[in-house]
Amino acid sequence: MQSLHVVVIGGGAAGFFGAIQAASAAKQSFSPIQVTLLEAAHQPLAKVRISGGGRCNVTHACFEPATLIQNYPRGGKALLGAFNRFQPRDLVAWFAAQGVELKTEADGRMFPITDDSSTIVECLTWSAKKAGVILDIGKPVMEVNSFLTEEGKQQFEVILKSGRQIECDRILLATGSNPNGHQIARALGHTIEPPVPSLFTFNINDPQLQELAGVSVESAKLQLVSKDTESKAGKKAKNQLEQTGALLVTHWGLSGPAVLKLSAWAARTLHECGYQTNLRVNWLPQFHSDLVRQTLLDAKQEFPKRSLGSHCPFALPRRLWQYLLARTEIELEKRWSELPNKSIERLAIALTASTYTIAGKGVFKEEFVTCGGVNLKEVDFKTMESRLCPGLYFAGEVLDIDGVTGGFNFQSAWTTSWLAGQAIGGS
């Protein structure tokens, strides 16, 4: 039996895991295979190393596929069947079989118990070598061509920057958001959804707000409210322009889970408006606006002699409460009994509908994520094989799939590369 030669392009999480699965699946079926992994950089698994602040947020403890896909602004529908075949529980079991135990934190994120990303890097590197994967590091790929042999067999020619040429039977493209990977896919007949940033923070030029850097609230509702975004929302997309979650004030504006989720779901909308639009913040989403007003009126009756700056009737950080008072031009020393109803109305609006101008986007740590990539309709999600170019497979962020923060982007990489590897190794 002739050996199957497979080339994996991209030495990230998806590339390594796909190469391991392809080699392992072939060995289990006693099929001869040669798997070569090509990585342009001299240090592979770069994103794995920096993920989770150097601890590596491997996945998320969400073990119900129907719930899991709700964390993917793009690609969730396509991933449903995939997660029914390989999901976080399967990944945890795989790492455990390699001697790596994962732990779950309060917010559901999962990390190695060592709290060190090198544990995952070493596991993947060791597993690849154990499976017989040939690691070719520092080898940028410039071009990939497909052709038919005289026998009518599909083959590929991989051309490296050095000029070296490699012929192979299968290609697994796992190049992440690298434009070169998109160029290769496009040259082989695929449509590329334009890549734009996802998972970023909001720059807001409000010096008084920025002075609150470090202040956070457990729950705030954010909504994009410019005329442009509202006209594009519609019934179907409206929920994509508003998110609720923890919010953190920073030296440059706003961050935290609520901002990151909104930046992911509204990634294209924000890109189209040049990251300059209006943002409405409800600091008390658990209360109806009428209840907020009534609570303020009750405080006026119950604590008439207390100063406004020293008594907040809501569970908000003191610095935030005093900032909102100043924002509505209410003196901190003023007594509650002296607060006119017009000021109460202004304060209620500030608490439930403060409007800010987003002046740009910031970077969420070093974890750069994009939406966009290979059109999902052109890929068979049972095998991750191209519907347009037989023998070409995809995994990870090269596809038009992206998740919110919390380990979801890694999980889609693990799942798609597992499917691709199993299909390649079993073919």
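At what angle do helix α4 and α15 pack, and how far apart are their axes? Keep that in mind while you get your bearings; we'll come to it at the third stop. One thing to know before you click anything: this is a predicted model.

**Stop 1: the whole chain**

Show the protein chain as a cartoon. You should find 15 helices and 21 strands. Turn it around: along its principal axes, the C-alpha trace spans about 90 × 45 × 35 Å. There are 427 residues here, and 53% of them count as buried. Now think about contacts between residues with a separation of 6 or more: 74% of those are between residues 24 or more positions apart.

**Stop 2: helix α1 and what follows**

Select residues 13-28, which make up helix α1. Try a quick check with the distance tool. At 1.5 Å a residue, these 16 residues should span 22 Å, and the end C-alpha atoms are indeed 22 Å apart, so the two values agree. Is this helix out in the open or enclosed? It is largely enclosed by the rest of the structure, because 13 of its 16 residues are buried.

Next, click F30, in the loop between α1 and β2 (33-39). F30 is exposed, with a relative accessible area of 75%. Its backbone is worth a look too: phi is positive, about 55°, although F30 is not a glycine. For background, most residues other than glycine have a negative phi.

**Stop 3: two helices that cross**

Time to settle the opening question. Select helix α4 (residues 76-85) together with α15: the two pack at an angle of about 75°, and their axes are 10 Å apart. An angle from 65 to 115 degrees counts as roughly perpendicular, so that is the word for α4 and α15.

Show side chains where they meet. From α4, pick L79, A82, F83 and R85; across from them in α15 are Q411, S412, T415, T416, W418 and L419. Colour this contact by class and you'll get five nonpolar, four polar and one charged residues.

**Stop 4: the largest core**

Stay with α15, residues 408-425, but switch to the largest nonpolar core. This core has 84 residues, and F95, V158 and W414 touch the most other members. Helix α15 gives the most to it, with nine residues. As a general rule, nonpolar side chains tend to be buried together in soluble globular proteins.

Zoom in on W414. Leaving out residues up to four places away in sequence, W414 touches A13, F17, V58, F86, L91, F95 and L124. Apart from this core lies another, of 46 residues, including L296, L316, W336 and I344.

**Stop 5: L351 and L284**

Select L351 in helix α14 (residues 341-353). Is L351 buried or exposed? With a relative accessible area of 0%, L351 is buried. Beyond its neighbours within four places in sequence, L351 is in contact with V281, N282, W283, L284, V292, L296, F314, L316, W321 and L324.

Jump to one of those partners, L284, in the loop between β16 (277-282) and α12 (289-302). Although it sits in a loop, L284 counts as buried, at 1% relative accessibility. Again leaving out residues up to four places away, L284 touches V292, F314, L316 and L351. Measure from L284 to A258, 26 residues away along the chain, and the C-alpha atoms are separated by 14 Å.

A258 is one of the buried residues of α10, along with V259, L260, L262, S263, A264 and W265. That makes seven of the nine residues in helix α10 (residues 257-265), so this helix is largely enclosed by the rest of the structure.

**Stop 6: strand β5 and the loop after it**

Finish at P112 in strand β5. P112 counts as buried because its relative accessibility is 0%. Setting aside neighbours within four places in sequence, look for its contacts with R55, C56, V58, E101, L102, K103, T119 and I120.

Then click D115, in the loop between β5 (109-112) and α6 (117-131). D115 counts as partly exposed, at 29% relative accessibility. Check its phi before you leave: D115 has a positive value, near 55°, and is a residue other than glycine.

How values were computed. Residues are numbered from 1 along each chain as its sequence is written. This is a predicted model: local features need pLDDT of at least 70, side-chain atom pairs count only at pLDDT 80 or more; totals for chains, interfaces and linings use all residues. Side-chain values use heavy atoms; hydrogens and water are left out. Helices (H or I, at least four residues) and strands (E, at least two) are DSSP runs, numbered from the N terminus. The expected span of a helix is 1.5 Å times one less than its number of residues. Buried means under 20% relative accessible area, exposed over 50%, partly exposed in between (1.4 Å probe, protein chains only). A nonpolar core is a set of buried Ala, Val, Leu, Ile, Met, Phe, Trp, Tyr and Cys residues joined through side-chain atoms within 4.5 Å. Contact means heavy atoms within 4.5 Å. Axes are lines fitted to C-alpha atoms, for helices over the stretch in contact, and angles run from 0 to 180 degrees between N-to-C directions. Angles under 35 degrees count as roughly parallel, over 145 as roughly antiparallel, 65 to 115 as roughly perpendicular and the rest as oblique. Ala, Val, Leu, Ile, Met, Phe, Trp, Tyr, Cys and Pro count as nonpolar, Asp, Glu, Lys and Arg as charged, and the others, Gly among them, as polar.
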